[in-house]
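Here is a quick walk through one protein model, written for someone who would rather be at the bench. Have the structure open and turn it as you read.

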Amino acid sequence: MPTTVYLVRHGSVEGAETGRFIGHLDVPLSSLGVRQAQALASQLARVQLAAIYSSDLARTRQTAEIVAAPHGVKPIELRELREFAMGRWEGLTATEIRALDPEAFSRWMADVAAYRFPEGESLQDLEARAWPAFERIVAAHADASVAVVAHGGTNRMILCRALGLGPERLLALGQQYAALSVLDWHGARWTLRLLNDCPPLL
């Protein structure tokens, strides 16, 4: 039996329509995000989940709590699963960043995989903290199914690493709000069973 990971991105957040970079800002789910999480909970209610993990930020904790409710388990929070720290760009839109720091913005757009956000993290920093935590989760639940509720950047990194894709492919993997991806670990390799699936709202 493989170990199956139900990899979830949190639901939509308050202010999502502004397109601001969130990073480590602790914003809650919007009413839409709550409905999205409820739809995910309904979709996963019939799956036997041994555990549910989430990052410690409010938007993932809320999503994980809603998904966990039908299973009667308490989500386990891991700070290591947080989104990229975007430093001084957090709370700003791309237009604002381009106006305030055009040279840095151009460097980021030219090499998303290698760029370190000003006073924040690079993809390598994110991978160094989140991938070992993900591996520990998988090792702790051999031959079982678990859910991991994290963020767009974190989930993309996990998917790239699991599938052997280079970091330059990060943005090629869709991660919409409340998206579900499913990975199977067979002991020596990963298989992607589902990518970026968004259940219809209830």
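What follows is a short tour of a predicted model, going from the sheet to the helices and then to two single residues.

## The sheet

Let's start with the strands. Six of them make an open sheet, and reading across it you get the order E3-E2-E4-E1-E5-E6, with mixed pairing. As a bit of background, strands in a sheet pair through backbone hydrogen bonds, and the pairing can be parallel or antiparallel.

Which strands stand at the edges? They are E3 (76–77) and E6 (190–197). Each has a single partner strand, so one side of each has no neighbour in the sheet.

## Strand E5 and its partners

Strand E5 covers residues 180–185, and five of its six residues are buried, so the rest of the structure largely encloses this strand. E5 pairs with E1 in the antiparallel sense over six bridges. It also pairs with E6, again antiparallel, over five bridges.

If you want landmarks, try Asp184 in E5, which has Thr4 standing opposite. Asp184 also has a bridge partner in E6, namely Thr191. Elsewhere along the E5 and E6 pair, Leu180 stands opposite Asp197 of E6. E5 and E6 form a hairpin with four residues between them. In that turn, look for Gly187, which has a positive phi of about 100°.

## Helices on the sheet

Two helices to find next are H2 and H6. Helix H2 (residues 58–68) lies across E1 (3–9), E2 (51–54), E3 and E4 (145–150), and its direction is at about 165° to E2. H6, for its part, lies across E1, E4, E5 and E6, running at about 150° to E1.

## Where H5 meets H6

H6 also has a helix to deal with. The axes of H5 (residues 123–140) and H6 (residues 152–163) come within 10 Å and cross at roughly 75°. Angles of 65 to 115 degrees count as roughly perpendicular, so that is the label for H5 and H6.

Who makes the contact? From H5 come Leu123, Leu126, Glu127, Ala130, Trp131 and Phe134, while H6 supplies Gly153, Thr154, Met157, Ile158, Arg161 and Ala162. Sorted by class, the contact has eight nonpolar, two polar and two charged residues.

## Two residues worth a click

Is Asn196, a residue of strand E6, buried or exposed? Asn196 is buried, with a relative accessible area of 19%; the cut-off for buried is under 20%. A polar atom of the Asn196 side chain lies 3.5 Å from the backbone nitrogen of Gln175. Setting aside residues up to four places away in sequence, Asn196 touches Gly174, Gln175, Gln176, Ala179, Leu180 and Ser181.

Now move to Phe105, which is in helix H4 (residues 102–110). Phe105 has 5% relative accessibility and counts as buried. Once its neighbours within four places in sequence are left out, Phe105 is in contact with Trp89, Ala94, Ile97 and Arg98. To place Phe105 against the rest of the model, pick Trp185 as a reference: these two are 80 residues apart along the chain, and their C-alpha atoms are separated by 37 Å.

Technical notes. Residues numbered from 1 in each chain as written. Predicted model: local features only at pLDDT ≥ 70, side-chain atom pairs only at ≥ 80, totals over all residues. Heavy atoms only, no water. Axes fitted to C-alpha atoms, helices over the stretch in contact; angles between N-to-C directions. Parallel < 35°, antiparallel > 145°, perpendicular 65-115°, else oblique. Contact = heavy atoms within 4.5 Å. Nonpolar A, V, L, I, M, F, W, Y, C, P; charged D, E, K, R; others polar. Pairing = 2+ DSSP bridges. Buried < 20%, exposed > 50% of the residue type's maximum accessible area, 1.4 Å probe, protein only. Polar contact = N/O pair within 3.5 Å; in protein donor to acceptor, adjacent residues only side chain to side chain.
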